[in-house]
Amino acid sequence: MKTRAAIMTAPGKDWEVTELELDAPRAGEVLVRFTHAGLCYSDEHVRTGNMATLPIIGGHEGSGIVEAVGEGVSRVAPGDHVAASFKPSCGHCRWCASGRSNLCDAATGGPEGRLPDGTFRFTGPSGRIGANCALGTFAEHSVVSQNSLVRVDSAVPLSVVALVSCGVLTGWGAAVYAAEPHPGDTVIVVGAGGVGINAVQGARFSGAGNVILVDPNEAKHPLALDLGASHACRSLTEAAALAADLNPSAAGADSTIVCTGETTAEIVRASFEATGKGGTVVLAGMSEDVHDINIQLPGTQLVFAEKRIQGTIFGSCSPTRDIPRVLSLYRQGLIRLDELVSRTYGLDEINQGFEDLRCGRNLRGVVEHRPAH
C-alpha cells in the first residue's frame with residue numbers, strides 16, 4: 001500500500017512529507033493506522049543526526065487502530081485501539097522477566113528504524129527507509145512489531161492515548177519510580193515541557209509535600225501550579241534556596257528531576273547543588289549529542305552527602321503495565337491529560353509544530369492524521 005509520512009533526510013533540514021510504499025505485515029507484525037502522533041523533543045534531536053540514522057521516518061509517540069496482523073500475532077487484533085511504545089517489550093528477556101521492560105533487549109534496532117528481524121517495511125524514493133524506534137508515528141500507516149504496541153480501552157480518546165505512549169509516562173514514572181518521593185518530601189522538577197509537567201503530577205501523586213517547578217518561561221507556570229506544583233521558579237538558583245528553606249534538615253531537595261530538552265553540564269551541576277543530603281538527582285532529559293559528557297560533579301560531596309545520580313528511560317516504566325495504569329488514573333480523575341495539548345496540527349504542518357516546540361509556545365503539540373477528502 002501507499003501512505004504518507006514525514007521523514008528527516010539530513011541533519012538540520014526540515015521534515016519532508018512524502019508518499020512511501022509500505023509492505024504488508026510479516027509474522028509477529030501489525031499494520032497500524034496511526035491517528036495521532038506527539039511532537040516530542042526526542043524527535044527534535046533526530047534532526048541533529050545523533051539520535052537516529054538518517055534518512056528516517058519520524059515519530060515515536062502515538063496512537064492508532066490495528067488494521068491487519070501477521071502470522072502468530074496474539075497481543076492485538078484488527079480493530080483494537082493501541083498505544084505505541086518506543087521501548088518494545090518481548091516479555092521473556094532478563095529485563096522483561098524482572099519487571100524492567102523499559103530496558104528490553106528488543107530495542108536494539110530502534111536507532112536505525114529496523115524491525116526485530118533487521119529489515120524495513122517502508123520504501124522511499126531512494127530505497128528502503130527506517131522508522132524511528134521501529135514505529136514511525138509520523139506516518140499515516142506503519143507496520144510494527146506486536147511487542148511495540150499496547151492495547152488500550154477504546155473509551156479513551158486516541159488523542160489522549162498518544163500522550164501516554166511517551167511523554168506522560170516518561171515524566172510521571174521519573175517521579176514515581178526513579179525519584180521515589182516519600183510523603184512530605186521536597187521535590188524539584190526542572191523543565192515544564194511534556195515530560196516535566198508530568199513529573200510534577202507524579203511527584204504530587206506520590207505524596208510529595210513541596211513540588212518546586214523550575215522553568216524560565218513563566219507562561220508555563222500557571223498550568224504547573226494547577227497540576228500540582230506548590231511553587232514555580234525561573235531558575236535553579238532560586239529553587240535551590242527555596243528548597244533549602246522548606247527542607248532545612250536536608251538543606252535542599254530530597255530529589256531533583258531533570259526534564260530539560262537539552263540537559264547540559266551546567267544544568268546537571270546546578271541540580272546536584274540544589275539537592276540536599278541523602279537526595280537523588282534523576283536525569284530524564286537528554287543532551288543533543290548522545291556522547292556529550294554532561295555529568296561533572298564533585299565526587300567528595302557526593303560521598304559525604306550520600307547523594308545519588310539516577311538515570312531513567314521511559315520513566316522506568318513497564319509499558320504493558322503502566323500505559324493502562326495511567327489511563328485508568330486519568331479516567332478516575334487522578335491524573336489530568338486533556339490540559340497537556342496546546343495545539344493540534346495536520347501532518348503538513350509538522351514543521352510549524354516543531355518550531356512552536358523550540359520556541360516554547362506549546363506544552364505538547366499533537367499531529368492528527370486526518371483522512372484525505
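Where is the place of Glu180? In this predicted model, Glu180 sits in the loop that runs between helix H4 (167–179) and strand S11 (186–190). The backbone there does something a little unusual to look at: phi of Glu180 is near 50°, a positive value in a residue other than glycine. As for cover, Glu180 comes out as partly exposed, with a relative accessible area of 47%.

Phe314 makes a good companion to that residue. Phe314 also has a positive phi, about 60°, although it is not a glycine. Its loop lies between strand S16 (308–311) and H10. Is Phe314 buried or exposed? Phe314 counts as buried, since its relative accessibility is 1% and the cut-off for buried is under 20%. Glu180, at 47%, falls in the partly exposed class instead, because that class covers the range between 20% and 50%.

One more backbone feature concerns a proline. The peptide bond that leads from Leu54 into Pro55 is cis, with omega near 0°. Pro55 itself is found in the loop between helix H1 (41–46) and strand S4 (56–57).

Strand S4 leads on to the barrel. Five strands form a closed barrel in the order S1-S2-S7-S8-S4, and the pairing is mixed. Going round, strand S1 (residues 2–8) pairs with strand S2 (residues 16–22) in the antiparallel sense, over six bridges. Within that pairing, Thr3 has Leu20 of S2 as its bridge partner. S2 in turn pairs with strand S7 (residues 122–124), again in the antiparallel sense, this time over two bridges. Here Glu21 is matched with Thr123 in S7. Which sense of pairing do S4 and strand S8 (residues 127–131) show? These two run in the parallel sense, over two bridges, and the bridge partner of Ile57 in S8 is Ala131.

The loop between S1 and S2 holds Ala10, a partly exposed residue with a relative accessible area of 23%. In space, Ala10 and Thr53 are 9.3 Å apart, C-alpha to C-alpha, while in sequence 43 residues separate them.

Now for the charges. How many salt bridges does the structure hold? The count is 26. One of them joins Arg33 to Glu67, with the closest N and O atoms 3.4 Å apart. Arg33 lies in strand S3 (residues 29–39) and Glu67 in strand S5 (residues 62–69), so this pair ties together parts that are 34 residues apart in sequence. Both ends can be seen from outside to some degree: Arg33 is partly exposed at a relative accessible area of 28%, and Glu67 is partly exposed at 37%.

A second salt bridge, between Asp153 and Arg331, has its closest N and O atoms 2.6 Å apart. Why does this pair tie together parts that are 178 residues apart in sequence? It does so because Asp153 lies in the loop between strand S10 (149–152) and helix H3 (158–164), whereas Arg331 belongs to helix H10 (residues 319–331). Asp153 is partly exposed, with a relative accessible area of 39%. Arg331, on the other hand, has a relative accessible area of 51% and is exposed, because exposed means over 50%.

Glu368 and Arg370 supply another case, their side chains meeting in a salt bridge at 3.8 Å, N to O. Glu368 is partly exposed, with a relative accessible area of 31%, and Arg370 is partly exposed as well, with 42%. The pair does not stand alone: Arg343, Glu349, Asp356, Arg361, Glu368 and Arg370 are linked in a network of salt bridges.

Finally, there is a surface patch to point out. Which residues gather in a patch of negative charge on the surface? They are Glu262, Glu288, Asp289 and Asp292. Glu262 has its place in the loop between strand S14 (253–258) and helix H8 (265–274). With a relative accessible area of 33%, Glu262 is partly exposed. That value lets Glu262 join a patch, because patches are made of residues with over 30% relative accessible area and no salt bridge.

How values were computed
Residues are numbered from 1 along each chain as its sequence is written. This is a predicted model: local features need pLDDT of at least 70, side-chain atom pairs count only at pLDDT 80 or more; totals for chains, interfaces and linings use all residues. Side-chain values use heavy atoms; hydrogens and water are left out. Patches are made of residues with over 30% relative accessible area and no salt bridge: like charges are joined within 9 Å, nonpolar side chains (Val, Leu, Ile, Met, Phe, Trp, Tyr) within 5 Å. Accessible areas come from the Shrake-Rupley method with a 1.4 Å probe; for residues, only the protein chains shown count as cover. A salt bridge is a side-chain nitrogen of Lys or Arg within 4 Å of a carboxyl oxygen of Asp or Glu. Lys and Arg count as positive and Asp and Glu as negative; His and the chain ends are not counted. The place of a charge is taken as NZ of Lys, CZ of Arg, CG of Asp or CD of Glu. Helices (H or I, at least four residues) and strands (E, at least two) are DSSP runs, numbered from the N terminus. Buried means under 20% relative accessible area, exposed over 50%, partly exposed in between (1.4 Å probe, protein chains only). Two strands pair if DSSP finds at least two bridges between them.
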